Amino acid sequence: MLKIIQAIIKITGKLSPQLSAKLALYLCSIPKKHTDSNREKSLLNQAKKLTYKSASGTNNIAWSWGEGPIVILCHGWEAKGAKMATLAMAIAKQGFQAIAIDCTAHGHSGGKRSNFDIMTRDIHSLCQNFSDIYAIIGHSMGGMMAMRARQLGIKADRYVLIAAPSAPLPIIDIMQNTLKVNKKAIAICQNKIASQIGFTWNELIQGKIYTQEAAPLLMLYDTQDKEVPLFHAHKIKALWNNSTLITTSELGHRKLIWNKNVIQSTLNFLTPHIDTNITS
C-alpha cells in the first residue's frame with residue numbers, strides 16, 4: 001500500500017505540486033487509533049472520565065486522577081491519554097488533579113482527522129474548564145501544541161516538555177522519507193502547516209512557538225531519540241532562560257513518558273519543596 005501511495009505522490013508531484021501537497025497533508029491528518037491494552041484499560045478504569053468541547057464543537061474525552069491543583073497532560077501524535085496515565089497517576093499521588101487529554105481523532109475522542117490547529121484548540125478548550133492551571137506537560141507534538149495554546153490565552157505556573165520538537169520538522173521528515181514528497185510540494189506543505197499553527201515557516205524554524213515566560217520549564221529528552229533528536233532540546237533551551245534540560249539514554253522517543261527516572265524528575269519539578277518518592 002505504501003508503494004502505491006508513493007507512486008501516486010510521485011506522479012502528482014510532477015503534474016501538480018499543489019495537488020501532491022494537498023494529498024500529503026490529507027494523509028498526514030489521519031492518525032492511527034490504537035486499541036487500549038489490558039494495562040491501559042486498568043489505568044483508565046481508575047480515572048474519572050471527563051468531557052470537553054472539541055475544536056469542532058463535539059464532546060471529546062479527558063481522564064482525571066486525584067484532587068488538587070490542575071496538571072494537564074498532552075499526548076503526542078497517534079498517542080492518547082492512556083499513554084500518559086502512569087505519569088498522571090504518579091502526579092495525582094502527590095496531591096494534584098492530573099488530567100490527560102484525548103485530542104480529536106485520538107484515544108476515546110471522536111473524529112477521524114486532526115492537525116496542529118485542531119490539537120492546539122482541543123488543549124485550549126480543555127484548559128478553559130479550569131480557573132487556574134498549575135502545570136502543563138506535553139509529550140512530542142502534544143508539547144509543541146501546548147506551547148502554542150499559550151498564544152490563545154492558556155497559561156500555567158510550570159511547564160514540562162518531554163521529547164517535544166522545536167518546530168514541526170518530524171512531519172516533514174515523514175513526508176520526505178516515507179511518502180517521498182518532492183521539494184516543491186514540501187515547500188507548499190511547510191507553508192500550509194505554518195498557517196495551521198499561526199506563524200510563517202521561518203518563524204517556526206526560529207522557535208517562535210517557544211516564546212519564553214518567567215515560568216520555569218523542565219525539558220526531558222533522550223540522546224538516542226531518532227524522531228526528535230537532541231538538537232530540538234538545545235534550541236528550545238536557548239530560547240527559554242528559566243529552563244532545565246535533563247537527558248536520558250537508550251529510551252528513545254516513547255518510553256520516556258513511563259520511565260521511572262523521568263517521572264521522578266517531573267515530580268521533583270512540580271513539587272520542589274516536597275520530598276517525593278516513587279514505589280515501583
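## A tour of the empty spaces

Two cavities of 30 Å³ or more sit in this structure, which is a predicted model.

**Stop 1: the largest cavity.** Select F116, D117, T120, R121, M145, R148, L152, Q196 and I197 to show its lining. The space they enclose has a volume of about 40 Å³. Now colour by helix. Helix 5 (116–127), helix 6 (141–149) and helix 8 (183–197) each give at least two lining residues. Which helix supplies the largest share of this lining? Helix 5 does, with four residues. Colour by class next: four lining residues are nonpolar, two polar and three charged.

**Stop 2: the second largest cavity.** Select K32, K33, H34, E78, A79, K80, A105, H106 and G107. These residues line a space of about 40 Å³. By class, the lining of this second largest cavity holds four charged, three polar and two nonpolar residues.

**Stop 3: the largest pocket.** Start with C28, W77, E78, I171 and I174, the lining residues that lie nearest the pocket's centre. The full lining runs to 40 residues, and the pocket holds about 1,100 Å³ of space. E78 should look familiar: it is in the lining of the second largest cavity and in that of the largest pocket.

Then show the helices. Helix 2 (17–27), helix 5, helix 6, helix 7 (169–177) and helix 8 each supply at least two residues of the pocket lining. The largest share, four residues, comes from helix 7. Finish by colouring the pocket lining by class: 22 residues are nonpolar, ten polar and eight charged.

Notes:
Residues numbered from 1 in each chain as written. Predicted model: local features only at pLDDT ≥ 70, side-chain atom pairs only at ≥ 80, totals over all residues. Heavy atoms only, no water. 1 Å grid on protein atoms, 1.4 Å probe; cavity = no way out; pocket = protein on both sides within 12 Å on 5 of 7 lines; lining within 4 Å. Points joined across faces, edges and corners; volume = space filled by probe spheres on them. Nonpolar A, V, L, I, M, F, W, Y, C, P; charged D, E, K, R; others polar.
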